[in-house]
Amino acid sequence: MTPPTSIPPMGQRAKLLDMSNVDKVFNGNVVALKDMNLTVNQGDFISLLGPSGCGKSTALRLISGLMRPTSGHITWDGGMKSGDLGVVFQEPTLMPWATVEQNVWLPFRLRGKSLVQVQDEIMWALNMVGLEKFQKSYPRELSGGMKMRVSIARALVTEPRLILMDEPFAALDEITRHKLNNDLLELREKLKCTVIFVTHSVFESVFLSDRIVVMAARPGRVSSEVTVDAPYPRTEEFRTSADYAELCRKASDALHAAMNEHGARASA
Amino acid sequence: MSTTDMNMAPVVDEEELRYARAQKREKVAKWVLPVVVIALAIFLWDRIVVWNNIPHYILPGPGVVLETLIKDWGMLSSALMVTLKITLAALAVAVIGGVGLAILFTQSRYFEMSFYPFAVILQVTPVVSIAPLIFIYVDNRLAALLLCAWIVAFFPILSNTTLGLNSTDHNLRDLYKIYGATRWQRLRYLQLPTALPYFLGGLRIAGGLSLIGAVVAEYVAGTGGIGSGLAFRILEAGYRLNIPRMFAALLLIAATGVVIFTAASLLSHALLHKWHESAIKRES
């Protein structure tokens, strides 16, 4: 639990993971992802932004090891061990029969650690998401936002090198979503963690990330990358600043370009 | 956690009051209504017998049935014990066999493909039609009775538990995979808890069915068997036109069924009330 003192600026970060020429083809003819190249550095907050069918979720599943690429390679710097990865899905994905602390215990439990052995880690993770008072609650007793926090705590508890988030706040209301966005950035400042965040919201991607990878559909591929060079910490003021508006316009343009690319191809 | 204004006195409007009253009334009615209706039905039964002078070898009144129940308690209670023993043993074996088979089914698709048809064939063939064969092939009467009751009872447990084991949340499955869970860990921490509500639903059905299976098997075994279960007593009483005893034995069978169902429901509530939707009371 001793993260580096600060995240180095982009360009000076150590490499964490490399995707090179990754293709994924389903059923022999559906190209879900074509020739994806992405280098993830330690401390990056990367958003994968794009319309549905652009292969963002496929990319996450490939990185998480749930699927193997049809061709190309995904290499982790120093190899990948269990616990190096934390995942947050669109749904909180909690076990309803287990209490909050038992849910957060899961990654350790599957490694044969007892609840008592990892009590400190669990409390630390719950503390990080502000749910330390709810350790004995059942998921049904929590609100949608709180369930999502438990899900984040579970992803954090092993102090993973990379956290994958697949549209985690898409099902929440706007106010809860903003709150969780702010809290996520705060967490990132504290833990210096690396995040890949899938979203279809331009505004969310600009607010959160320092790199936006814009993707196009049919076949799913990387269209362009937008660098968000606004400094952290980003607060509510940033959300209403002219800089933010300008960056959103830039990202939005990139997204439209990606979608027209698709349109041109479809009509060709 | 509601946030009411601290300075305001609690305001209860007319609608809230009406709602609270309706709630209270419903709570009382839930217990009082069934009791009153059953009491009324028994009273009516008694009146019909008395007013029409029906002889009790055709329709005995409730008083006579109760008298018989007390008078024949020695014989009936030992018959009840026999039926109960077969029922509970069949249920226990159905639980072990049903859950065990369901686990094997989910562990191997090929095993399921191979043996599921047998389970269906056993289920759809009426037990009355297989029972005579079972009594020919199985020498031990008790074992034969048990087998009949088991055939009827195990299928709902098997099919419900299989459904439950296959109903795990796919994201949770992915998560288990990412964290490198073993097959055994996935079964124990994810699939079995997911299947629990389904299993308990199956158990409630199987409880009633094992009693039916036991009774039907006794009927088929007939007077030639060790024959001292309740069904045998009903048959025997029928031959002797001892209608009050038939009613008394019938009463005991019905009561047994109700007790088994209640026990299964209580077990279900005890295991699920903390987390499962079916056991959670909603406000408003």
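# Salt bridges, burial and patches in a two-chain predicted model

The count comes to 21 salt bridges over all chains, a salt bridge being a side-chain nitrogen of Lys or Arg within 4 Å of a carboxyl oxygen of Asp or Glu. This is a predicted model, where local features need pLDDT of at least 70 and side-chain atom pairs count only at pLDDT 80 or more, while totals for chains, interfaces and linings use all residues. Residues are numbered from 1 along each chain as its sequence is written, chains are lettered from A and ligands numbered from 1 in the order in which they are written, and side-chain values use heavy atoms, with hydrogens and water left out.

User: What makes Arg161(A) and Asp84(A) a salt bridge?

Analyst: Their N to O distance is 3.1 Å, and the rule asks for within 4 Å, so the pair qualifies. Arg161(A) sits in the loop between α4 (144-156) and β6 (162-166) of chain A, and Asp84(A) in the loop between β4 (71-76) and β5 (85-88), so the contact ties together parts that are 77 residues apart in sequence. Those helices and strands are DSSP runs numbered from the N terminus (helices H or I, at least four residues; strands E, at least two).

User: Why is Asp84(A) called buried?

Analyst: Buried means under 20% relative accessible area, exposed over 50%, and partly exposed in between (1.4 Å probe, protein chains only). Asp84(A) comes in at 7%, so buried it is. Its partner Arg161(A) has 24%, so that one counts as partly exposed.

User: How do you know that Asp253(A) and Arg249(A) are about one helical turn apart?

Analyst: Both belong to helix α8 (residues 242-267) of chain A, and they are 4 residues apart. In general, an α-helix has 3.6 residues a turn, so residues three or four places apart point the same way. The closest N and O atoms of Asp253(A) and Arg249(A) are 2.9 Å apart, which makes a salt bridge. Asp253(A) is partly exposed at 41%, and Arg249(A) is partly exposed at 44%.

User: What about chain B, and which pair there lies in helix α9?

Analyst: Arg233(B) and Glu236(B) are both in helix α9 (residues 230-239) of chain B, 3 residues apart, or about one turn. Their closest N and O atoms are 3.0 Å apart, giving a salt bridge, and both residues are buried. Over in chain A, salt bridges that share partners join Arg13(A), Asp44(A), Arg188(A), Asp210(A), Arg211(A) and Glu225(A) into one network.

User: Why is helix α1 of chain A said to be largely enclosed?

Analyst: Of the 9 residues in this helix (residues 56-64), 7 are buried, so the rest of the structure largely encloses it. The buried ones are Lys56(A), Thr58(A), Ala59(A), Leu60(A), Leu62(A), Ile63(A) and Ser64(A). Just after α1(A) comes Gly65(A), with a positive phi of about 85°.

User: What makes Asp13(B), Glu14(B), Glu15(B) and Glu16(B) a negative surface patch?

Analyst: Patch members need over 30% relative accessible area and no salt bridge, with like charges joined within 9 Å and nonpolar side chains (Val, Leu, Ile, Met, Phe, Trp, Tyr) within 5 Å. Asp and Glu count as negative, Lys and Arg as positive, with His and the chain ends not counted. Each charge is placed at NZ of Lys, CZ of Arg, CG of Asp or CD of Glu. Asp13(B), at 41%, is partly exposed and lies in the segment before α1 (14-51) of chain B.

User: Which residues make the nonpolar surface patch of chain B?

Analyst: Val28(B), Trp31(B), Val32(B), Val36(B) and Leu40(B) make it, at about 520 Å². That area comes from the Shrake-Rupley method with a 1.4 Å probe; for residues, only the protein chains shown count as cover. Val28(B) lies in helix α1 of chain B.

User: How do you know that residues 79-103 of chain B are helical?

Analyst: The span is 100% helix and 0% strand, with end C-alpha atoms 36 Å apart. UniProt (unreviewed entry) includes it among the "transmembrane region" spans of chain B; such annotations use the numbering here, have shortened feature names and may be inferred rather than shown by experiment. Residues 115-138, also listed there, are 88% helix and 0% strand, with ends 23 Å apart.
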